[in-house]
Amino acid sequence: MPKVTFKGNPVTLVGPELKVGDAAPNFAVVDNSLNQVTLTTYEGKVKIISAVPSLDTPVCDTETRRFNQEAAALPGNVVVLTISADLPFAQKRWCGAAGIDKVVTLSDYRDRSFALAYGVLIEELKLLARAIFVIDQKNVIRHIHFVPEVTQEPDYAAVLAAAKELC
């Protein structure tokens, strides 16, 4: 498993260690209207999936705002999904206050389906580690980026370049 720390302290990630070239596991999360969403909801699209601990933290806020800006310049066949364990109501409130209109926020609060399938569940905190997966139109993982320190931002350029290569 990738080595990840939270505020300098090592944490344990639960779930499989996925690799580039693996079939992307399906998952069931909830959108801001409490509708179930799965990986197959976005069949045929390039998917940038950004896992974050909580939108109500400074780094997650910054990351999601940045991806919202970047999403405006991406081709129409690319979707940016931000998944956290925040309740859908909190995500909806945060999106409204932040003016998020290009990124789709999804909640993994019910059973951590995404977190467990993608190996991003922080056992000690029951939150998602900061990680990004780029998945192609046929649901194959093409890029994985675990941020080594959860309180730091990801490598946006590498993630965006990986997604653009698939368009």
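How many helices and strands does the protein have? Select the whole chain in cartoon view, and the protein shows four helices and twelve strands, where helices (H or I, at least four residues) and strands (E, at least two) are DSSP runs numbered from the N terminus. The radius of gyration, taken over C-alpha atoms, is 14 Å, close to the 15 Å that the globule rule gives for 167 residues, so the protein is as compact as a globular protein of that length; the rule itself is 2.2 Å times the number of residues to the power 0.38.

This is a predicted model, in which local features need pLDDT of at least 70 and side-chain atom pairs count only at pLDDT 80 or more, while totals for chains, interfaces and linings use all residues. Residues are numbered from 1 along each chain as its sequence is written, and side-chain values use heavy atoms, with hydrogens and water left out.

Next, colour by burial: buried residues make up 53% of the 167 residues, buried meaning under 20% relative accessible area with a 1.4 Å probe, protein chains only.

Now select helix H1, residues 58–71. At 1.5 Å a residue its 14 residues should span 20 Å, and its end C-alpha atoms are 20 Å apart, which agrees; the expected span is 1.5 Å times one less than the number of residues.

Show the side chains of the buried residues of H1, among them Val 59, Cys 60, Phe 67 and Ala 71. Finally, add the elements that the buried residues of H1 pack against, including strand E6 (46–51), helix H2 (88–98) and helix H4 (156–165), with contact meaning heavy atoms within 4.5 Å.

How values were computed. Buried means under 20% relative accessible area, exposed over 50%, partly exposed in between (1.4 Å probe, protein chains only).
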